[in-house]
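The exercises below are meant to be worked through with the sequence and the coordinates side by side. Each task is followed by a solution that proceeds step by step.

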Amino acid sequence: MSRALYIGLISGTSMDGIDCALVDLGSGLSVLDYLCHPLDATLRTTLLWLCGNQGLDLVTLGNADIAVAQSFAAAVNALLARQHLSPDAIIAIGSHGQTLWHEPPKRAREHAFTLQIGDPSTIAALTGITTVADFRRKDLAYGGQGAPIVPALHRELFSASGTITIVLNLGGIANITVLPPPGGQPFGFDTGPANVLMDGWIAHQRGLPYDESGHWAQSGTVQPRLLRQLLREPYLSQSAPKSTGRELFNLNWLQGHLAAYGETIAAADVQATLLDYTAVTVRDAVLRYAQQGRLIVCGGGARNSALLARLAQHLHGFTLSTSTDHGLHADAVEAAAFAWFASKTLQRTAIDFSPFTGAKRPVIAGGVYFKEASA
Ligand SMILES: Nc1ncnc2c1ncn2[C@@H]1O[C@H](COP(=O)(O)OP(=O)(O)O)[C@@H](O)[C@H]1O
Ligand SMILES: [Mg+2]
């Protein structure tokens, strides 16, 4: 079987870097290489400011759209150089872009929308590779949440099993994909925060980007009353389909809760409580559908050993593994999904996101920005 090479790109809610995966779709799906390209610190600050939606200005937005695209293209070019590949070797790039705002039907004040930036024309121009982008909005146009959509790849790769399989992505936000044994209908949704609050708190308190292996959280003690208070968040009891993001779960949200709590809590105890908040919200979501089965974890949170240990305690009926154990690098799953989506767009094949997003129908997602003929 000949190779069919694609590149997938995403910078997620965490803004920890640009995930870039080289994917061969010639026979099944294999990730041949993966890198996480750094996101420039100034650009990250700008993006976080834009996500805060405070006094937005259009020139900053327009500049960020191009700067994100330039960084995405630099990630691709670094990967090509490392692999000694020419742009012509790649059929297409699938680029998710950077989400600035996600306002799905359940949250919409007026019109539901989702906003990703990272100009695909610029990516195509700077890489010389046809670029497919804007994968979420068609689903929204058909009444879906536009998220989570990566579960479509989880379904493709992890369905064939006699037992119930739950794929858990621990990015900024956590989402689960429930894959019943053959014959059952898969579904999935965002359970709530994964890393976004822990990242925000450690950045605020200690100037660090994330809590390595959850060590800081482990040094603190879970505060049950605070945990109960956080668990009253209305999003958690909403029925699926549902999706969420930084618009809801952010440092302001946390600080509001800490102020309402009434007593001062040691910073490490807050972190311990946030780690348990992620684990408990995932547990509650999972146990609604199954008491036992396989739990396959992916995303950056798969490196947080304290979080995985807590999940294992909360979900003792499940066999825990990471997608890396199943041959798919846990950091590369999302990027690989966008490579796979790009191939579907070029084939004009619809993808059925509807069990995860609630859309009325499968859709041909994304727009194509063709490369120019060689000069
Ligand atoms: N060694 C680690 N220890 C603890 N947490 C980690 C580690 N490596 C990554 N993470 C967490 O994973 C996050 C990135 O995960 P990722 O799947 O890229 O999320 P997103 O899709 O939101 O960008 C980081 O922000 C951090 O919170
Ligand atoms: Mg990331």
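**Exercise 1.** Which residues of E8 lie on one side and which on the other, and are they buried or exposed?

Solution. The model is a predicted one, and the strand in question, E8, covers residues 173-179. Begin with the two faces: Ile173, Asn175, Thr177 and Leu179 are on one side, while Ala174, Ile176 and Val178 are on the other, and each of these residues is buried, which leaves both faces of E8 covered. Next, count along the strand: seven of the seven residues are buried, and E8 is therefore largely enclosed by the rest of the structure.

**Exercise 2.** Identify the strands that pair with E8, and follow Asn175 through its bridge partners.

Solution. On one hand, strand E7 (residues 165-170) pairs with E8 in the antiparallel sense over six bridges, and these two strands form a hairpin with two residues between them. On the other, E8 pairs with strand E9 (residues 187-193), again in the antiparallel sense and over six bridges. Asn175 can then be placed in both pairings, since Asn169 stands opposite Asn175 in E8, and Asn175 in turn stands opposite Asp190 in E9. A further step leads to Ala240, whose C-alpha atom is separated by 11 Å from that of Asn175, although the two residues are 65 apart along the chain. Ala240 is found in the loop between helix H9 (234-237) and helix H10 (251-261), and it counts as buried because it has 21 C-beta neighbours inside 10 Å, the threshold being 20 or more.

**Exercise 3.** Describe the pairing of E1, stating the sense in which each partner runs.

Solution. Strand E1 (residues 5-11) is antiparallel to strand E2 (residues 18-24), with six bridges between them, and Tyr6 stands opposite Val23 in E2. The two strands form a hairpin with six residues between them, and Met15 in the turn has a positive phi of about 55°. With strand E4 (residues 92-103), by contrast, E1 runs parallel and is joined by five bridges; here the bridge partner of Gly8 is Gly94. As for burial, six of the seven residues of E1 are buried, so this strand is largely enclosed by the rest of the structure.

**Exercise 4.** Which residues touch the most other members of the largest nonpolar core, and which helix gives the most to it?

Solution. The core has 106 residues, of which Ile7, Leu9, Val76, Ile93, Ala336 and Ala339 touch the most other members. Helix H11 (residues 267-287) gives the most to this core, with 11 residues. At least three residues of the core come from each of domain 1 (5-146 + 332-369) and domain 2 (151-326). Ala336 and Ala339 are also among the buried residues of H13. That helix (residues 333-346) reaches 20 Å from its first C-alpha to its last, close to the 20 Å expected, and because 11 of its 14 residues are buried, H13 is largely enclosed by the rest of the structure. It is followed by Arg348, whose phi is positive, near 55°.

**Exercise 5.** Why does ligand 1 lie between the domains?

Solution. Consider first the shell of 19 residues around ligand 1, where Gly12, Gly171, Gly172, Asn195 and Gly300 come nearest. By class, this shell has one nonpolar, 12 polar and six charged residues. Both domain 1 (5-146 + 332-369) and domain 2 (151-326) give residues to the shell, and ligand 1 therefore lies between them.

Methods:
Residues are numbered from 1 along each chain as its sequence is written. Chains are lettered from A and ligands numbered from 1 in the order in which they are written. This is a predicted model: local features need pLDDT of at least 70, side-chain atom pairs count only at pLDDT 80 or more; totals for chains, interfaces and linings use all residues. A residue is near a molecule or strand if its C-beta atom, placed from the backbone, lies within 6 Å of it. Ala, Val, Leu, Ile, Met, Phe, Trp, Tyr, Cys and Pro count as nonpolar, Asp, Glu, Lys and Arg as charged, and the others, Gly among them, as polar. Domain bounds come from an automatic or database domain assignment. A residue is buried if 20 or more other C-beta atoms lie within 10 Å of its own, exposed if 12 or fewer, and partly exposed in between; C-beta atoms are placed from the backbone. Helices (H or I, at least four residues) and strands (E, at least two) are DSSP runs, numbered from the N terminus. Two strands pair if DSSP finds at least two bridges between them. The expected span of a helix is 1.5 Å times one less than its number of residues. A nonpolar core is a set of buried Ala, Val, Leu, Ile, Met, Phe, Trp, Tyr and Cys residues joined through C-beta atoms within 7 Å.
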